[in-house]
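This report goes through a single protein chain by topic, from an enclosed helix to the overall make-up of the fold. Please keep the sequence and the coordinates at hand while reading.

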Amino acid sequence: MPLAMLQSGHLKGVLLTTTGILILSPDALLLRLIGADIWTLLFWRGLLCTIGMVGITLFLDRPHGLRRLVAIGRPELLVIVVNTCMHVLFVFAILNTTVANVLVIMSISPLLGATLSRFALGEPVAKRTWYTTVAVFIGLALIFSQSLGDGTLVGDLSAFAVAILLASNFVLLRRYRKVSMIPAVAWSMAVTAVITWFLATPTSLDGTAWVYVLLLGLVILPVSSAMITLGPRYLPAPEVGLIMLLETLLGPLWVWLVIREVPSIETLIGGAMILAALTWMSIAAIRESQRVIQKIPK
């Protein structure tokens, strides 16, 4: 492949993933501002995002959008199951611990993804990954020690489960990168809406909450999900992971600015260790890939 084509695809991946994360960053804040119970949040989040992502699929895959929506194979089914579980656990975590805890714990997904890739894709695990694991383990220990005292352990464990699912999702996107998974993400949102419908109280929202729900469900989630789903098709996992760290920084910032939720000192110290270790790992991996690209003849 010519170097120019590599660079063009790389830039596209960076722009898609970065823009998607920037759009997604107020997600946790809006969930808090809506103030509904978990089932109502999941129902409206799933239903409205399904509508938005169906529209995106029909636009991107025209004139074969409808056929793409119903052409569900084994890869798409795997993504649907992983994303459905991830959506439910993410909302549960946001409602049961601090936003900073959720996003910092979720930030370890690139590290988990590197480990999962070793078994699922046969990709080697670099030594730097094991060094990073030690730092991440210490950071998580600090965060979880704080959650024991504050009664937020269940929320933190849910966030850890989300990190595992997010890592699994990126591995699937890399493995089946020739397949557009936007329809699969749309189906996962539809499944989420269906399984929470009977437990939700959809009419319990007030006027302001409706504005937040519509903004989140019809704009923020569909657009950001589509971009983040497409990004890994053009970028190596380390770069995707590095860009994803933006949400860990921006999400708690939005929450602090609007509702003044301040992270604990343990979360700040542990989070700083985790972010520093993951950033070092990602930059080292990116430099290594750049050296490989430079050896490719123009």
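How many of the 8 residues of helix H6 (residues 99–106) are buried?

## An enclosed helix

The model discussed here is a predicted one. In helix H6, which covers residues 99–106, 8 of the 8 residues are buried, so the helix is largely enclosed by the rest of the structure. The residues concerned are Val99, Ala100, Asn101, Val102, Leu103, Val104, Ile105 and Met106, each of which falls under the 20% relative accessible area that sets the limit for burial.

## Helix H10 and its partner in H5

Helix H10 runs over residues 182–197, and its 16 residues should span 22 Å at 1.5 Å a residue; the C-alpha atoms at its ends are 23 Å apart, which agrees with that expectation. Its buried residues are Ile182, Pro183, Ala184, Val185, Ala186, Ser188, Met189, Ala190, Thr192, Ala193 and Thr196.

Thr84, which belongs to helix H5 (residues 74–96), counts as buried because its relative accessibility is 8%. When neighbours within four places in sequence are left aside, Thr84 is in contact with Ser188, Val191, Thr192 and Ile195. Of these contact partners, Ser188 and Thr192 are among the buried residues of H10.

## Ile38 and its contacts

Ile38 is part of helix H3, which comprises residues 38–60, and with a relative accessibility of 16% it counts as buried. If residues up to four places away in sequence are not counted, Ile38 touches Val88, Val91, Phe92 and Leu95. The C-alpha atoms of Ile38 and Val91 are separated by 6.7 Å, although the two residues are 53 positions apart along the chain.

## Two salt bridges

Side chains of opposite charge can pair when their charged atoms come close. Which residue forms a salt bridge with Arg45? The partner is Asp27, and the closest N and O atoms of the pair are 2.7 Å apart. Asp27 lies in helix H2 (residues 27–34) and Arg45 in helix H3, so the pair ties together parts that are 18 residues apart in sequence. Both ends of this bridge are withdrawn from the surface by the criterion used here: Asp27 counts as buried at 3% relative accessibility, and Arg45 counts as buried at 8%.

The structure holds 2 salt bridges, and another of the pairs is formed by Arg32 with Glu261, whose closest N and O atoms are 2.3 Å apart. This pair links distant parts of the chain, with Arg32 in helix H2 and Glu261 in the loop between H12 and helix H13 (265–294), 229 residues apart. Arg32 is partly exposed, having a relative accessible area of 24%, whereas Glu261 counts as buried at 18% relative accessibility.

## Aromatic pairs

A search of the whole structure finds 3 aromatic pairs. For Phe43 and Trp44, the ring centres are 5.2 Å apart and the planes stand at 70°, so the pair is edge-to-face. Phe43 and Trp44 are buried, and together with Trp210 they form one aromatic cluster.

Trp197 and Phe198 form an aromatic pair that is tilted, with 5.2 Å from centre to centre and 35° between the planes. Phe198 is exposed, its relative accessible area being 70%.

## A nonpolar patch on the surface

Leu253, Trp254, Trp256, Leu257, Val258, Ile259 and Val262 form a nonpolar patch on the surface, and their accessible area together is about 620 Å². One of these residues, Val258, lies in helix H12 (residues 237–259) and is partly exposed, with a relative accessible area of 44%.

## The chain as a whole

The chain contains 13 helices and 0 strands, and its pattern along the sequence is accordingly α-α-α-α-α-α-α-α-α-α-α-α-α. Of the 298 residues in the chain, 50% are buried.

Among the contacts in the chain with a separation of 6 or more, 88% are between residues 24 or more positions apart; the pair of Ile38 and Val91, at 53 residues apart, illustrates such a separation. The chain exposes about 14,200 Å², of which carbon and sulfur atoms supply 71%.

Key. Residues numbered from 1 in each chain as written. Predicted model: local features only at pLDDT ≥ 70, side-chain atom pairs only at ≥ 80, totals over all residues. Heavy atoms only, no water. Helix = DSSP H or I, 4+ residues; strand = E, 2+ residues; numbered from the N terminus. Expected span 1.5 Å × (residues − 1). Buried < 20%, exposed > 50% of the residue type's maximum accessible area, 1.4 Å probe, protein only. Patch = residues over 30% accessible without salt bridge, like charges linked within 9 Å, V, L, I, M, F, W, Y side chains within 5 Å. Areas by Shrake-Rupley, 256 points an atom, 1.4 Å probe, with all protein chains shown as cover. Salt bridge = Lys/Arg side-chain N within 4 Å of Asp/Glu carboxyl O. Contact = heavy atoms within 4.5 Å. Phe/Tyr/Trp six-rings, centres within 6.5 Å; stacked < 30°, edge-to-face > 60°.
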